[in-house]
Amino acid sequence: MINSVSSPNFNFSVQSTAAPAAAPQGETIEFSYNSQDRLVKSADTVDVSGVRREGASLSTERVKLDASLKPNAEGEYVFDQETQPKSFTAAHSFASVANTLKMFEEAYGQKVPWATRSEQLTVVPDGGEMLNAYYSRNDGSVNFFHSLDPVTNEMIYSGQSGEAVSHEVGHAMLDGLRPDYLMAWSPDPGGFHEHFADMTGFLMATQDDATCEIVAKETGGDLTKDNSLSYTAEELGVAIGNSSGTDRKFIRNANNDFKWQDPSTLPHNAPPDQLSTEMHSWSQVYTGAMYDAFTKMVKRGMEEEGMTAAQAIKDCGAQFIELYAHTMKEAPRGDFSYKQMANCMLRADREYMGGKNQTFLREGFIGRNILPGGMSVQSHDYGAQVVRPMTVSLDGDFGMFSGAKVQTYVDAEKMYVNDSQSSEAKELRQNMKRLIDAGRILYTEPNQKIETKDLFDNKGVPYAGVVRWVDGNMVIERNTIIN
Ligand SMILES: [Zn+2]
């Protein structure tokens with residue numbers, strides 16, 4: 001997909017979630033699967049239900065594999081990772097996507113719409129040579145790649161990591177539920193996208209018994225110790241480290257110390273051990289808060305409810321899945337702050353889960369400075385529920401982007417005599433200045449053809465926005481590819 005030519009269409013439309021006509025049931029078939037990767041544990045197998053197969057093509061009602069894959073002699077999709085890496089990667093990525101969606105939809109209680117015009121999300125198990133993985137709204141796909149680790153000489157496939165695959169599905173699901181988050185320019189919606197994606201991989205792993213046993217052994221149930229669950233995508237992290245000459249054991253660690261601080265005081269990029277406004281880095285503040293709560297929930301499960309460490313991890317994972325599903329039903333629309341999302345999570349816990357985790361969640365948010373501490377009264381700021389587009393002109397010192405038009409989504413209840421003088425417009429200009437200064441906006445010439453591959457910088461990181469020319473006017477549109 002990376003080499004395909006597509007003329008970007010940045011308009012989003014959400015398909016109807018109305019119940020479709022009765023579809024064929026499909027079969028339940030066994031697939032290769034690893035909720036972690038081979039650095040943590042060897043691959044297992046998992047059942048995928050609703051599988052439809054026609055010759056070498058595989059799909060479910062909501063997911064389709066963009067590769068031909070024939071079953072093994074037993075009629076299953078279980079392959080040896082070392083001797084049949086291509087087949088393993090295809091089977092694994094398809095199974096991971098289908099079951100990640102199933103995990104969330106069962107808690108959500110209805111279909112998660114895709115933010116594309118298609119009923120099915122396309123899985124590209126191996127899109128070529130790159131140390132990367134990404135979700136693309138325009139292509140309606142999650143994409144995985146391969147690359148040779150220059151130190152170990154091992155071929156690394158991002159589609160072989162359960163956490164990496166579920167991460168991209170997390171982006172696809174959140175984009176379907178709240179397409180306007182990928183239209184926002186401030187750090188928090190981007191950071192939350194990355195948090196939600198990482199948490200999707202984390203939660204899938206909590207529902208895998210073998211992973212729970214490993215983490216129980218590593219920590220004895222004290223999850224304040226680093227472990228295979230807190231580390232994201234170990235094998236990819238090591239390979240990225242080896243390719244860039246740095247020592248890395250993982251991509252991110254949920255068991256971190258990052259605290260919220262005014263984004264305007266942070267750099268846009270920083271080494272992995274420091275906080276920046278780059279959205280993967282910024283996500284770690286929210287992830288840290290949720291992980292803090294999770295560690296306390298596990299402790300309570302063991303000490304007060306008589307569970308083993310492994311049982312408590314799985315049980316608390318199930319509680320979190322429910323919490324996120326309820327939160328997304330009433331989560332803010334448009335641009336929002338971590339604080340507003342935290343309030344929504346606390347409300348979801350109170351209203352749908354009996355407030356069981358209220359104290360732990362609150363302590364997590366306060367501990368990371370997402371919510372104010374002390375004897376503060378309960379906040380009722382849950383963000384906007386109805387939004388309207390606001391277009392702002394970048395008048396002033398924006399270099400080659402001066403005069404460009406940028407759109408954002410703001411609370412529809414806030415009407416101004418002049419939008420361009422509003423606090424939202426002022427904030428948008430600040431965010432655009434930050435992104436332009438950090439080189440995250442791609443300039444293009446009028447009539448320049450933009451291909452998918454152009455939307456990434458030379459390190460494989462998608463740009464935040466791209467210039468398009470509409471009737472002779474420069475417009476900066478959000479890039480809806482996210483990795
Ligand atoms: Zn991501």
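**Exercise 1. Determine in which sense β14 and strand β15 pair, and over how many bridges.**

Solution. Strands (E, at least two residues) and helices (H or I, at least four residues) are DSSP runs, numbered from the N terminus. Two strands pair if DSSP finds at least two bridges between them. β14 and strand β15 (residues 465–470) pair in the parallel sense, over two bridges. Within this pairing, I441 stands opposite G465 in β15. The structure is a predicted model, in which local features need pLDDT of at least 70 and side-chain atom pairs count only at pLDDT 80 or more, while totals for chains, interfaces and linings use all residues. Residues are numbered from 1 along each chain as its sequence is written.

**Exercise 2. State the order of the five strands in the open sheet, and identify its edge strands.**

Solution. The order is β12-β13-β16-β15-β14, and the pairing is mixed. In general, strands of a sheet pair through backbone hydrogen bonds, either parallel or antiparallel. The edge strands are β12 (387–393) and β14 (441–442), each of which pairs on one side only.

**Exercise 3. Compare the span of helix α6 with the expected value, then describe its kink and its burial.**

Solution. The expected span of a helix is 1.5 Å times one less than its number of residues. For the 25 residues of α6 (residues 279–303) this rule gives 36 Å, and the end C-alpha atoms are 36 Å apart, so the two values agree. A kink of about 30 degrees is centred on V285; the bend at a residue is the angle between axes fitted to the seven residues ending there and the seven starting there. For burial, the C-beta atoms are placed from the backbone: a residue is buried if 20 or more other C-beta atoms lie within 10 Å of its own, exposed if 12 or fewer, and partly exposed in between. By this criterion 20 of the 25 residues of α6 are buried, and the helix is mostly covered.

**Exercise 4. List the buried residues of helix α9 and name elements that cover them.**

Solution. In α9 (residues 358–367), the residues F360, L361, R362, G364 and F365 are buried. Their cover includes α6 and α8 (338–352).

**Exercise 5. Examine N369 and N153: what is the sign of phi in each, and is each residue exposed or partly exposed?**

Solution. Most residues other than glycine have a negative phi. N369, which follows α9, has a positive phi of about 60 degrees although it is not a glycine. N369 lies in the loop between α9 and β12, and it is partly exposed because 16 other C-beta atoms are within 10 Å. N153 is not a glycine either, and its phi is positive, about 65 degrees. N153 belongs to the loop between β8 (146–148) and β9 (155–157). N153 counts as exposed because it has 8 C-beta neighbours inside 10 Å.

**Exercise 6. Locate S230 and describe its surroundings.**

Solution. S230 is in the loop between α4 (209–219) and β10 (231–232). S230 is buried because 23 other C-beta atoms lie within 10 Å. Two residues are in contact if their C-beta atoms, placed from the backbone, lie within 7 Å. Apart from neighbours within four places in sequence, S230 is in contact with L223, N253, A254, N255 and Y291.
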